[in-house]
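Me: I should like to go through the assignments in this model and ask what each one rests on. Please set each value against its definition.

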Amino acid sequence: MNMFKKFNGEWCVVSNDPTGSTVIVTKRNGTRSTVVLGERVAPGIYRIAPAARPAAAAAEAVGDLSRIVAMFDRARQHLRMPAIVLDGFRVNIAGERAREPGSLTITSVDAGYGGRRTWLGRVTLAGTFEPGRGAPADLGARLRAFAADPAGVAAEFGRLHGKCCFCRRALTDERSTAVGYGPDCAENFGLAWGSRDAAPSLPRSAPVAPLDLGPARGTALSRARAATRTYLAEQAAAVQAGQPIEDEPFECDGTPDTPRYANDGRY
Ligand SMILES: [Zn+2]
C-alpha cells in the first residue's frame, strides 16, 4: 500500500511503483489522495511530482479594441464597475491594481464557489487575447467578433436572450430588444437607442410569395383556397395602388369547378 512518509524533512511517498506512476495514497486518517510519483530519493521512496496543470491556449490577436474601450470609458463616467455580459463570458476593464490596468478582463458570467468568477483571460491594450486555463476554445473568435462590432454583438445577445447585455435585466420594449440593451444602459455606454441610428430590427412580416398551383392541379378545395389567395392578393395590390375595390368582385355563376371561396358549396 502507498503511504506518505517524511524523508529529509520533505513529504514523500512510499510505493512499489516506479517514477511517473499515478498512485492512490491512503493517509493515516483514512482519506485518500491521488499523486504522481516523482524522483526516487531512496529505495521505494519518491518525491511527489508537481500536479500537472492543463496548459493555457496560446495567445491570439483579436483586433482593434478602440470601440470597446471607448464604450467603457464613457460608462465609467456613470458607473463604478461597468461590465458587459455576452454569451458565456463577461467583459470589464481591469482596474489600476491589475497586472495590466485598462486591459479587458474576461471572466465567466456567474460567480462560482466562493463568490468569484472564473478567470477566462485578458485582452491586452494591444489587442492580444491571453486565454486563461478555463477559456473555451472559441473564445478568441468570439472576442474578435465583439471587438469588430461591439454594438452588433450586443444586439444579437439581446435579441437571443431578451436581456440587457449590460445590466442583465429583461428587455420588454422592442426598441431595446432590437439593440440588445435598454435606454438607461444605452445612455451610460453612449450607444444609440430607439432611433434610426440604432441597429435595425427585423421587419415584422416579410411579404409572402404567391403560390402558383397552375391550372387544374390539386383538389377542388386546394384550388378554391388558391383562388381565395389570388383574390386577396389582388385586393391588397389594388389597395396599395390606391384603386377602389369592387364591392361585389364576383358573382356565383353556379359552376362548382371554378370556386373563388374556400367554401365552394360543399359544406
Ligand atoms: Zn441594462
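Me: What makes strand 8 and strand 9 a pair?
Reply: Strands are DSSP runs of E of at least two residues, numbered from the N terminus. Two strands pair if DSSP finds at least two bridges between them. Strand 8 and strand 9 are joined in the antiparallel sense over 4 bridges, so the criterion of at least two bridges is met. In strand 9, Thr107 is the bridge partner of Arg90.

Me: On what kind of model does this rest?
Reply: The model is predicted; local features need pLDDT of at least 70, side-chain atom pairs count only at pLDDT 80 or more, and totals for chains, interfaces and linings use all residues. Residues are numbered from 1 along each chain as its sequence is written.

Me: In what order do the strands of the sheet lie?
Reply: The open sheet has 6 strands in the order 6-11-10-9-8-7, with antiparallel pairing. Strand 6 (60-61) and strand 7 are the edge strands, because each pairs on one side only.

Me: Why is Ser108 called partly exposed?
Reply: A residue is buried if 20 or more other C-beta atoms, placed from the backbone, lie within 10 Å of its own, exposed if 12 or fewer, and partly exposed in between. Ser108 has 17 such atoms within 10 Å and is therefore partly exposed. Ser108 belongs to strand 9 (residues 104-111).

Me: Which residues is Ser108 in contact with, leaving aside neighbours within four places in sequence?
Reply: Contact requires C-beta atoms, placed from the backbone, within 7 Å. On that basis Ser108 is in contact with Phe89, Arg90, Arg117, Thr118 and Leu120.

How values were computed:
Contact = placed C-beta atoms within 7 Å.
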